[in-house]
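Below are some notes for a colleague who is opening this entry without prior knowledge of it. Please read them with the sequence and the structure at hand.

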Amino acid sequence: MPVASDALGSAFQDPPLDSSRMFRSIMNAIAWPGVIKKVDTLSVPPEPLTAVTADCLLTLVDFDTPVWLDHRARTDEVSAYLRFHAGCPIVDAPERAAFAVIADPQSMPSLAVFAQGTAEYPDRSATVIVQTGALSSDEGVTFRGPGIASRRVFSAAGISETVWADIERNHQGFPLGVDVIFSGPNCLAACPRSVGIAVSETV
Amino acid sequence: MTSTVGDNGQTDGYNFAYLNEQTKRMIRRAILKAIAIPGYQVPFASREMPMPYGWGTGGVQVTAAILTPEDTLKVIDQGADDTTNAVSIRKFFTKTANVPTTTHTGDASVIQTRHRIPEQELREDQVLVYQVPIPEPLRFLEPRETETRKMHALSEYGLMHVKLYEDIARHGHIATTYAYPVSVSDRYVMDPSPTPKFDNPKMDSMPALQLFGAGREKRIYAVPPYTKVKSLDFEDHPFEVQRWSEPCALCGARDTFLDEVILDDEGGRMFCCSDTDACEARQQAGSPDDLLDQAS
């Protein structure tokens with residue numbers, strides 16, 4: 001693993017190739033909701049940003065995409081890191097963000113505060129990256145929808161039933177809504193807005 | 001202008017897969033939105049490519065944005081690996097991304113296609129990239145983008161059914177044979193690009209991810225794996241695919257899409273598979289005569 005050389009941490013060593021591989025993992029995660037993708041992380045970001053979250057952001061954000069950071073992620077070091085390596089604006093208003101980072105899922109705001117898109121342009125919506133504990137496909141909520149042959153079980157440590165209920169409520173507005181990426185330890189998974197979530201279903 | 005080839009076989013002076021990183025990020029964000037909203041056409045800032053519109057600039061940009069060095073690329077044009085469009089796009093990515101290419105459907109991880117879906121069933125670890133000329137299925141019914149956008153927003157697709165009904169009134173059956181409109185995941189009506197309607201059933205619940213790129217029209221859309229794709233039809237005029245009275249003249253297949261090939265100027269013609277890879281595989285597996293004997 002590369003060692004952070006200074007206060008700004010480090011980003012991709014070979015951006016075209018590193019980001020192509022990272023994007024493929026993210027794309028497959030969105031196309032296969034709830035499937036856990038292992039990630040060989042490359043960046044060394046400042047705390048509390050994890051390397052998986054930083055790799056996602058380095059792959060997807062730039063000067064075109066305002067980023068919103070939650071109360072825990074919004075440190076001077078994280079802002080400086082993202083501004084330097086990705087060149088993205090950091091915004092105060094969540095509704096202006098194209099990407100949002102949640103480092104503290106316990107006090108996660110409702111997804112309703114983020115851009116949902118419009119009926120004519122549902123793509124003008126936010127993607128929310130949530131840093132969680134371990135991801136599991138053994139137990140948890142049940143996903144149904146595009147990208148899933150019948151149903152898929154998924155859970156992310158630190159994501160409470162209240163949060164799942166909020167995501168489920170958000171996804172009922174399809175095709176409007178927010179796409180969620182779960183950034184776990186050396187892995188990631190996604191729950192795009194097309195997914196229907198059953199919270200209390202027993203498996 | 002001369003170009004040099006670097007140590008890794010890739011032409012020097014180009015970024016990996018030709019496009020610059022900011023362009024790739026913009027396309028990648030559009031692809032993620034497209035997958036999250038199946039069938040919805042995401043606008044994107046399509047770039048000028050070193051080939052004219054109509055030669056697959058949309059598909060090329062999508063392929064460039066998703067390609068990794070570990071990929072193996074296959075490119076087909078109307079099912080064939082050896083036509084100008086397919087050969088030049090394959091060479092383009094050999095030069096600019098140094099990825100291995102193949103003509104075998106089973107060996108490819110990314111397949112870029114113009115107007116066909118391979119006959120061989122695709123797998124979960126494959127991605128199919130379509131080149132799309134006109135992404136808007138309602139465009140020839142309603143030329144105004146502001147109106148078609150509203151129609152998609154409201155799921156107002158009555159006009160499309162009227163068009164199919166007029167086919168029946170005029171011809172006695174639905175005469176649309178390619179670019180046959182589909183409903184994706186019971187929400188958006190989508191143009192499957194000018195693939196023959198023969199290929200529509202393959203799109204339904206396909207294990208592979210399907211991405212669509214329209215370069216001139218600046219739209220990207222997608223069908224995730226295992227997603228319901230239904231061809232529009234009527235209860236009393238159900239959707240049907242084309243059938244042929246004779247098998248492929250080269251491999252004997254009766255279950256593939258056949259091209260009519262004119263042989264001379266005296267009316268001579270033959271029908272053969274449009275998917276060259278599937279046809280060659282069958283020819284190698286057994287001579288046409290054997291297959292014809294089995295079939296009869």
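1. Burial in chain A. This is a predicted model. In it, 59% of the 203 residues of chain A count as buried. The accessible surface of the chain comes to about 8,000 Å², and carbon and sulfur atoms hold 52% of that area.

2. Dimensions of chain A. The radius of gyration is 16 Å, which agrees with the value near 17 Å for a compact globule of 203 residues. Along the principal axes, the C-alpha atoms fill a box of roughly 50 × 35 × 30 Å. Of the contacts between residues at least 6 apart in sequence, 68% join residues at least 24 apart.

3. Secondary structure and charge in chain A. The chain has four helices and nine strands. Their order along the sequence is α-β-α-β-α-β-β-β-β-α-β-β-β. Chain A carries 14 positive and 23 negative charges, and the mean positions of the two groups are 6 Å apart.

4. A buried strand residue. Where in chain A is Val128(A) found? Val128(A) belongs to strand 4, residues 127-131. Its relative accessible area is 0%, so Val128(A) counts as buried, the cut-off being under 20%. Leaving aside residues up to four places away in sequence, Val128(A) touches Ala100(A), Ile102(A), Leu111(A), Phe114(A), Val178(A), Asp179(A), Val180(A) and Ile181(A). Phe114(A) is 14 residues from Val128(A) along the chain, and their C-alpha atoms are separated by 8.6 Å.

5. Cis peptide bonds in chain A. Most peptide bonds are trans. A cis bond joins Glu47(A) and Pro48(A), with omega about 0 degrees. Pro48(A) sits in the loop between strand 1 (37-38) and helix 2 (51-60). A cis bond also joins Phe174(A) and Pro175(A), where omega is about 10 degrees. Pro175(A) is placed in the loop between helix 4 (161-171) and strand 7 (179-184) of chain A.

6. The interface. The size of an interface is often given as the accessible area lost when the parts come together. For chain A and chain B this buried area is about 3,300 Å², with 65% of it on carbon and sulfur atoms. Which three residues of chain A supply more of the area that the chain buries against chain B than any other three? They are Phe23(A), Arg24(A) and Trp32(A), with 18% of that area. The contact takes 39 residues from chain A and 42 residues from chain B.

7. Chain B as a whole. Chain B has eight helices and 11 strands. Of its 296 residues, 55% count as buried. The radius of gyration is 20 Å, and this agrees with the value near 19 Å for a compact globule of 296 residues. The C-alpha atoms of chain B fill a box of roughly 60 × 55 × 40 Å along the principal axes. The accessible surface comes to about 13,000 Å², 50% of which belongs to carbon and sulfur atoms. The mean positions of its 31 positive and 43 negative charges are 9 Å apart.

8. Helix 4 of chain B. This helix spans residues 145-153, and its buried residues are Thr148(B), Arg149(B), Met151(B), His152(B) and Ala153(B). Those residues pack against strand 1 (42-43), helix 5 (158-171), strand 6 (188-190) and strand 8 (219-223) of chain B. After the helix comes Ser155(B), with a positive phi near 50 degrees.

9. A buried loop residue. Ser274(B) is in the loop between strand 11 (269-273) and helix 7 (276-285) of chain B. Is Ser274(B) buried or exposed? Its relative accessible area is 3%, so Ser274(B) is buried. Among the residues that Ser274(B) touches are Gln78(B), Arg116(B) and Phe257(B). Arg116(B) lies 158 residues away in sequence, yet the C-alpha atoms of Ser274(B) and Arg116(B) are 8.4 Å apart.

10. Positive phi in loops of chain B. Most residues other than glycine have a negative phi. Asn98(B) has a positive phi, near 55 degrees, and lies in the loop between helix 3 (84-97) and strand 3 (110-114). At 31% relative accessibility, Asn98(B) counts as partly exposed. Asp186(B) has a positive phi near 60 degrees and lies in the loop between strand 5 (182-184) and strand 6. Its relative accessibility is 56%, so Asp186(B) counts as exposed.

Definitions and conventions:
Residues numbered from 1 in each chain as written. Chains lettered and ligands numbered in written order. Predicted model: local features only at pLDDT ≥ 70, side-chain atom pairs only at ≥ 80, totals over all residues. Heavy atoms only, no water. Helix = DSSP H or I, 4+ residues; strand = E, 2+ residues; numbered from the N terminus. Rg over C-alpha atoms; globule rule 2.2 N^0.38 Å. Buried < 20%, exposed > 50% of the residue type's maximum accessible area, 1.4 Å probe, protein only. Contact = heavy atoms within 4.5 Å. Areas by Shrake-Rupley, 256 points an atom, 1.4 Å probe, with all protein chains shown as cover. Lys, Arg positive; Asp, Glu negative; His and termini not counted. Charge placed at Lys NZ, Arg CZ, Asp CG, Glu CD. Buried area = accessible area lost by both parts, 1.4 Å probe.
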